[in-house]
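I opened this one with a fresh page and a cup of coffee. Here are my notes, in the order I looked things up.

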Amino acid sequence: MKLMIKNAQIKSMWREDFTGNLLIDGKKILDMGTDLPADEQTEVIDASGYLLTPGLIDGHCHTGILEEGIGFEGDDVNEINDPITPHLRAIDGINPMTPEFYEALEGGVTLAMIGPGSANVIGGQFALVKTAGNRIDQMVVREPAAMKVAFGENPKSCYGKDGKAPFTRMGIAGLLRKTLYEAKQYKEKKEKGESQAFDFKLESLLPVLSGEIPLKAHAHRADDIFTSIRIAEEFGVKLTLDHCTEGHLIADELAEAGYPVFLGPTFGGKVKYELKNTSFSTARILQEKGVAFAIVTDAYIIPLKHLSLCAALAVGAGLAEEAAWRAITLTPAEILGVSDRCGSLQPGKDADMVLFAGNPLRTTDAKAVLTIVDGKPVYSDGSLWQQI
């Protein structure tokens, strides 16, 4: 279908903000400008007074793999019987028909990086998916998109208390190094054509060693952050620093290291020791030091629909508003390697976008009134488009 959004205040994240029109043809943005005509086959939405932005992107969450409110039956986020599970795939655990996905669209979130939790040293493979759809296979943008690894309290508390490794932070690092070394040997033998037994776990780590996907490191505390960097550098692999709660304490070192950050969740209680230095100012400090970062909810910890609220709270703590918008649109797309498709409103890119009544980074009464994914309206409050 052809769809034109007319007279909107457009925040494209590609060029300066302007008031004008945007034309969608099928799943892609066809054109945009201040004086763009529509033919008879084009459906037109007059969005005068509304703010049009790219669809919001969350770079770290567990939506649909840890379902809310139903307990064991919907808890598929951690396979707590082996600390090394790289062969697990998020797409086998995500249920896209949970209410959280619809609520994400209600909040303007159109793309989410979803994967295993942090019980295991190596937890498995994340998937980057659109938030609209019934079948996960048809929602995937990239899979596998990252390999989850975890440091600190979580693996210790899930295994050490039972006398099973890892019991210490040294044990976590040792298990990760051992597995990466074994995967490296496995890769070298495979490339040489040497005979060896097929190892499903090690095979799953080959995209990490070849640089196709990064390690996605759960690390709150500064020492755990540095350990993840140390190991990534030892093996020459890509890395993202997820949570990075104490990032503001080591911002100079992070800037020098150059690894991108998925920051959050910042909103909520300090429910464990590793969160004692949580601060809404972390985003501002990382921005000032030149660290590439995106803001995340870690849903279900913070519902995915409240991603814009997390960015607004960072603005309240001194982060520039434009930097906050970037942290929930273009920057996560860049870190995730999909900025050629998502993260900004630009001709040729996926038609994923949100119309807001008000600016959600400035006022709590702002709300999404229409969310579009792949050129199709998938959420509406009924004010500009028929109720969905």
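**The sheet.** I began with the strands of this predicted model. I found an open sheet of eight strands, in the order 6-7-8-9-10-11-12-13, with mixed pairing. Strand 6 (56-61) and strand 13 (293-295) are the edge strands, since I see each of them pairing on one side only. From one strand to the next, the twist averages 25°.

**Strands 6 and 7.** I then followed the pairing in from strand 6. It runs parallel to strand 7, and four bridges link the two. For a landmark I noted that Cys 61 stands opposite Ile 114 in strand 7. How many residues of strand 7 (residues 109-114) are buried? I counted six of six, so I wrote the strand down as mostly covered, with under 20% relative accessible area as my cut-off for buried.

**Strands 11 and 12.** Strand 11 (residues 239-243) and strand 12 (residues 261-263) also run parallel, joined by three bridges. Here my landmark is Asp 242, which stands opposite Phe 262 in strand 12.

**Lys 148.** I looked up this lysine next and found it in strand 9 (residues 140-150). Which side chain of opposite charge is nearest to Lys 148? That is Asp 298, 6.5 Å away; Lys 148 is buried and has no salt bridge. I did find a polar atom of the Lys 148 side chain 3.2 Å from the backbone oxygen of Gly 117. Setting aside residues up to four places away in sequence, I listed what Lys 148 touches: among them are His 60, His 62, Lys 216 and His 218. The list also includes Pro 116, Gly 117, Ser 118 and Phe 126.

**Asp 298.** From there I went to the aspartate itself, in the loop between strand 13 and helix 9 (307-316). Its phi is near 60°, a positive value in a residue other than glycine. Is Asp 298 buried or exposed? With a relative accessible area of 9%, Asp 298 is buried, because the cut-off is under 20%.

**Cys 244.** I found another positive phi at Cys 244, near 50°, again in a residue other than glycine. Cys 244 sits in the loop between strand 11 and helix 7 (251-257). Its relative accessible area is 0%, so I marked Cys 244 as buried.

**Cis peptide bonds.** I made a note of the bond between Ala 165 and Pro 166, which is cis with omega about 10°. Pro 166 belongs to the loop between helix 2 (153-159) and helix 3 (169-192). Gly 264 and Pro 265 are also joined by a cis peptide bond, with omega about 0°. I placed Pro 265 in the loop between strand 12 and helix 8 (282-289).

**Ile 80.** My last stop was the loop between strand 6 and helix 1 (99-106), where Ile 80 lies. Why did I log Ile 80 as partly exposed? Its relative accessibility is 48%, which falls between the 20% and 50% cut-offs, so partly exposed is the right class. Leaving out its neighbours within four places in sequence, I found Ile 80 in contact with Ala 119, Asn 120, Cys 158 and Tyr 159. I also checked Gly 123, 43 residues from Ile 80 along the chain: their C-alpha atoms are 9.3 Å apart.

Terms used
Residues numbered from 1 in each chain as written. Predicted model: local features only at pLDDT ≥ 70, side-chain atom pairs only at ≥ 80, totals over all residues. Heavy atoms only, no water. Pairing = 2+ DSSP bridges. Axes fitted to C-alpha atoms, helices over the stretch in contact; angles between N-to-C directions. Buried < 20%, exposed > 50% of the residue type's maximum accessible area, 1.4 Å probe, protein only. Contact = heavy atoms within 4.5 Å. Lys, Arg positive; Asp, Glu negative; His and termini not counted. Salt bridge = Lys/Arg side-chain N within 4 Å of Asp/Glu carboxyl O. Polar contact = N/O pair within 3.5 Å; in protein donor to acceptor, adjacent residues only side chain to side chain.
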